[in-house]
Amino acid sequence: MKNIITIDGPVASGKSSLARALANKLGYYHINSGYFYRSLAYILIKFCKKTLDDLRALDQEDIECIDLNKLEYVYDEGRPQVFYQGTDLTPHLKTRDIDDGASTISTYPFIREAVNKFQHQLAGDHDIVIDGRDIGTIVFPEAKIKIFLTASEEERTSRWQNDQRKKGNIFSFDQSLAEVQERDRRDTTRSIAPLTIPENGLVIDNSNRSNEDVVREVLELI
Ligand code: C5P
């Protein structure tokens, strides 16, 4: 069986940075599962002409306009990229609207099914570090190393606000806090695959720790 390391955690807890660093050190493939939810939200809006409001009341037939065979995840030189019909979606995936759209559509069972199928296909071919919300609990509960990464709400809000600022999007601390709280609320309270600590998961709080420090701890554990 291939090696699998799972990293789950709330918004802006640093999952992707940790996953990327571990994948580079270990020579594993990094799967960023949030990218799939983000890509499907982006495709629904840009290619299927749905509005953010439409995403709040989506039917299974609405996703028939997406050709999943044309969705491609490429992990190249330490950087994940997603293509749809040959177009690179990656630069468009981390906006506030796609944050919201991805978290909205992630509550639908038919969306989660499509994403999980895709993730299992990718994992069949590689040793992986995969980050998300339900990876250690639902998608790969058999993984030997399962991490639940978190940080204080204040710290995560500042990280989210700074990430947006770097893209030229200015949000006040209170606006940022509201965004983070709303996504966390959806992710932890949805009826299907809510965010929770996996059985035998190692909880790491990185509020006052560097990524290198946490990478060292996980490598020791491995
Ligand atoms: O991890 P990231 O913040 O990029 O994920 C975007 C959204 O996708 C999350 O807010 C969450 O609603 C959803 N997601 C999920 N399950 C995963 C990964 C992401 O529901 N495994």
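**View 1. Alanine 12 sits in the loop between strand E1 (4–8) and helix H1 (15–26).** Helices (H or I, at least four residues) and strands (E, at least two) are DSSP runs, numbered from the N terminus. Phi of alanine 12 is near 55°. That is a positive value in a residue other than glycine. Most residues other than glycine have a negative phi. The model is predicted: local features need pLDDT of at least 70, side-chain atom pairs count only at pLDDT 80 or more, and totals for chains, interfaces and linings use all residues. Residues are numbered from 1 along each chain as its sequence is written, and side-chain values use heavy atoms, with hydrogens and water left out.

**View 2. Asparagine 200 lies in the loop between H8 and strand E8 (202–205).** Its phi is near 60°. This value, too, is positive in a residue other than glycine.

**View 3. An open sheet of 3 strands runs in the order E3-E4-E5.** The pairing is antiparallel; two strands pair if DSSP finds at least two bridges between them. Strand E3 (71–76) and strand E5 (87–88) are the edge strands, and each pairs on one side only. E3 is joined to strand E4 (residues 79–84) by 6 bridges. Tyrosine 73 has valine 82 in E4 as its bridge partner.

**View 4. The ligand is surrounded by 15 residues.** A residue counts as near if one of its heavy atoms lies within 4 Å of the molecule. Arg38, Arg112, Asp134, Arg183 and Asp187 come nearest. The shell divides into 3 nonpolar, 5 polar and 7 charged residues. Here Ala, Val, Leu, Ile, Met, Phe, Trp, Tyr, Cys and Pro count as nonpolar, Asp, Glu, Lys and Arg as charged, and the others, Gly among them, as polar. Helix H2 (33–46), helix H4 (96–105) and helix H8 (173–189) each supply at least two shell residues. H2 gives the largest share, 4 residues.

**View 5. Polar side-chain atoms meet oxygen atoms of the ligand, as at serine 106.** The cut-off for a polar contact with the ligand is a pair of N or O atoms within 3.5 Å. For serine 106 the distance is 3.0 Å. For arginine 133 a polar side-chain atom lies 2.9 Å from a ligand oxygen. An N or O atom in the side chain of aspartate 187 is 2.6 Å from an oxygen atom of the ligand. Taken alone, the ligand exposes 460 Å², and the protein buries 96% of that. Accessible areas come from the Shrake-Rupley method with a 1.4 Å probe.

Definitions and conventions: A polar contact is a pair of N or O atoms within 3.5 Å; within protein, one must be able to donate a hydrogen and the other to accept it, and residues adjacent in sequence count only if both atoms are side-chain atoms.
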